[in-house]
Amino acid sequence: MMEFKIAMKEMKDVIKKIEKSIPKSPSLSILETVLVKQENNQLAFIATNCDEELHIYKDVDMTGNDYFCISLDMLKKISKLKADNITVTYNKEDQKVLISTGKKIVTFPSMWDAAKDFPLMKDIKEPEEKFFTSNYQEFFNMMEKLYVYLKDSDEYKKVMTYYNFNVNKNRITALDGHRLGICKPSNEIGTFNSKSDVKEVNLNRDVWIKLKNCITKESKGEQNIISIASKDKKTYITGNDFKMIVRESDIMYFDVDKILLSESDLMMVDVNTLELNESAEYNISFHGKGSKKLMVMKFIGNNIMSYMCTESGESFDKISVSDNSVSEEFMIAFNPLFIKELCSEIDTEYVRMGFYNAKSPVMVYDGDFTYLVLPYWINDDRVDERINELMEAA
């Protein structure tokens, strides 16, 4: 017999954190369930797709050491009961789960043999040596900023769907083939263990999608710490009340050093972030998000002239700059969506940008973060002429 009492708000918290880890239409019906068991003197709710296994822990009053499987759908139905607390009892002999609110009782059969059928990863022992540590809020912010460079990547280009944690380079990288984001974490954001035997860990973006609801952005009381460790081809991501175990994939990450440009070789300029973002947003809204046309940027004096032309018309903007060392009349073009998403991650009034030539990536510097965006070739000879004409008209 297994019995525990849990607050309804805690049950709803479990559902919120674990539901993205339940596969939709899996090949095995058991994968649509959550395993409920005692683990390290806590109540554990476990979901898996056989490649990632998420454990959510709750401190509850509990007796017995049996365990059972329950479908996500049934968990959601339980969470709709009108009660502040519920008592859950599992009788192994008749394989029935009983839910009591004090006024209402609900029972249902646990149709799976949890011990036999639920595909827990075997021989799991979390390594003591940590590869990377951070606090919840900084880790959340960092992963969300870098997720921009993974969310639209092609699944067939596997490396472009991964975060790369590299201890030797002291950086976390994300890329999608057209741009990349790099975080070189200060102690505020996180710390690599330079003595770790593991030097590199790759985390698929799906891991972050499943994990992000487990990491609240703000800590209450004692600071919440998250750690990453690796052993025997498995990555362990551990927080105060959760653990995720991920089977590692054999991929060779891009050598991004080959495409990074040195700041000392670049023409540097500080660009007004708000004006740059507004120009990109307007170009997207005016010409349509699906437009293949480019946002051209031409440097004239202490301004950037932004120009875009499609079948629906032309748009022209002036963007303020300062500390400008970019050559007069320098012109370069980008996908406006890339510029908009870049600006969305910049919190300062001016963003520091570095240019080499019209065919080379632009480098963008923002504290612990460095971004790279590839330009597009300007294939319209009249662009320069039209910018000058519109300047005169303006």
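**View 1. One cavity turns up in the whole structure.** In this predicted model, a search of everything finds just one cavity of 30 Å³ or more. Its volume comes out at about 50 Å³.

**View 2. Who lines the largest cavity.** Zoom in on the wall and you'll meet Phe4, Met11, Val36, Phe45 and Phe68, along with Ile70, Leu75, Ile78, Val88 and Ile99. Sorted by class, the lining holds 10 nonpolar residues, with no polar and no charged ones. Two elements each chip in at least two lining residues: strand 6 (68–71) and helix 2 (72–78).

**View 3. The buried face of helix 8.** Helix 8 covers residues 383–393, and Val383, Arg386, Ile387 and Leu390 are buried there. Look down the axis of helix 8 and its buried residues fall within an arc of 105°, so they line one face of the helix.

**View 4. What sits over that face.** The cover on the buried residues of helix 8 includes strand 20 (295–300) and strand 21 (303–310). Strand 22 (313–322) and strand 23 (331–334) are also part of this cover.

**View 5. Pulling back to the chain.** Here's the setting for the close-ups: eight helices and 26 strands, with a C-alpha trace spanning about 85 × 50 × 40 Å along its principal axes. Of the 394 residues in the chain, 50% are buried. Take the contacts between residues at least 6 apart in sequence, and 69% of them join residues at least 24 apart. The chain exposes about 19900 Å², with carbon and sulfur atoms supplying 45% of that area.

Methods: Residues are numbered from 1 along each chain as its sequence is written. This is a predicted model: local features need pLDDT of at least 70, side-chain atom pairs count only at pLDDT 80 or more; totals for chains, interfaces and linings use all residues. Side-chain values use heavy atoms; hydrogens and water are left out. On a 1 Å grid over the protein atoms alone, a cavity is a set of points where a 1.4 Å probe fits but cannot get out, and a pocket is an open set with protein on both sides within 12 Å along at least five of seven lines; lining residues have an atom within 4 Å of a point. Grid points are joined across faces, edges and corners, and a volume is the space filled by probe spheres set on the points. Helices (H or I, at least four residues) and strands (E, at least two) are DSSP runs, numbered from the N terminus. Ala, Val, Leu, Ile, Met, Phe, Trp, Tyr, Cys and Pro count as nonpolar, Asp, Glu, Lys and Arg as charged, and the others, Gly among them, as polar. Buried means under 20% relative accessible area, exposed over 50%, partly exposed in between (1.4 Å probe, protein chains only). The arc is that of the directions from the helix axis to the C-beta atoms. Contact means heavy atoms within 4.5 Å. Accessible areas come from the Shrake-Rupley method with a 1.4 Å probe; for residues, only the protein chains shown count as cover.
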